[in-house]
Every structure is written in structure tokens, then in C-alpha cells.
Amino acid sequence: MRLRGEGYNCAQAVLIPFSEELGIGEDTLAVLTAGLGGGAGQGELCGVANALAIAEGVILHDSTPEGKKRAVAGASRMGKEFSKPYGGCITCRDLKGKCGKTCHELVGEGVTLLFKRLENEG
């Protein structure tokens, strides 16, 4: 939540705390996710969901065609788990609009899911 208060977007606020676990520097994570705020500025896929998808690829660390398939499947599972409490809503526009959620709430959920995912990996 501190990172959101400092002006970081939702994707940054989810991934930066896991910099060490993901093996990617905080500055690099901040740069890679800089354009994901506000559903990439379009109200589309929530930055938290984007961050979870990015994390899945990093965790699997396999750029082969099979690895990419596994990353997409894992990102889909994470996205469904993230959106389930919100009736399947996964866009920034819907989560903040019709679901009435705040970015702080969504970031908290994303951090919890990523923590659980990393815990299962270890």
C-alpha cells in the first residue's frame, strides 16, 4: 500500500515487493510495469491481473513453446482466482466501476495471491 501512496501503479505495487523472490531488481520491475496503470491507460485488464501474469512467466522461467503454454495456463488460473470474488470482472473499468473496488483493495488481493503462488513454488 505504501507503494501506491508513493505514486506507483497497481502492477508495480504488486510486483516490486517480490523483487527478491522473482530475481528481478525493483527498478527493472518498475520500468517493465510502468505502462500498466489504469488498465494500460484504457480501463482494460487490471494492472494487478497483468502483474500476476508477468509473475507467472517469471516463476516458470521457461521460454520454450511448452513453457509459454504453461505460463498462459498459469496466468489464466491466477486471473480467474483474482476475478472470482468480483463476479469474473477483471478489467480496471469494471473492478473500480460496477464492482466498486479500490486499487488498494485490489493490490492487497494481488499481493496475497502472488505470495500464495510463490509459497507453492518453494
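Which helices are included in what covers the buried residues of H6? Among them are helix H2 (10-15), helix H3 (19-22), helix H7 (65-83) and helix H9 (103-121), by contact (heavy atoms within 4.5 Å). This is a predicted model: local features need pLDDT of at least 70, side-chain atom pairs count only at pLDDT 80 or more, and totals for chains, interfaces and linings use all residues. Residues are numbered from 1 along each chain as its sequence is written, and side-chain values use heavy atoms, leaving out hydrogens and water.

**Helix H6**
- H6 covers residues 47-60; helices are DSSP runs of H or I, at least four residues, numbered from the N terminus.
- Its 14 residues should span 20 Å (1.5 Å times one less than the number of residues), and the end C-alpha atoms of H6 agree, at 20 Å apart.
- Of the 14 residues in H6, 10 are buried (under 20% relative accessible area, 1.4 Å probe, protein chains only).
- Those buried residues are Gly47, Val48, Ala49, Asn50, Ala51, Leu52, Ala55, Glu56, Ile59 and Leu60.
- Histidine 61 follows H6 and has a positive phi, near 45°.

**Cysteines**
- The disulfide count is zero, with a disulfide taken as a pair of cysteine sulfur atoms within 2.5 Å.
- Cysteine 10 is in no disulfide; its nearest cysteine sulfur belongs to cysteine 103, 3.6 Å away.
- Cysteine 10 counts as buried, at 10% relative accessibility.
- For cysteine 92, the closest cysteine sulfur is also in cysteine 103, but 5.7 Å is too far for a bond.
- Cysteine 92 is buried, with a relative accessible area of 12%.

Conventions
Buried means under 20% relative accessible area, exposed over 50%, partly exposed in between (1.4 Å probe, protein chains only). Helices (H or I, at least four residues) and strands (E, at least two) are DSSP runs, numbered from the N terminus.
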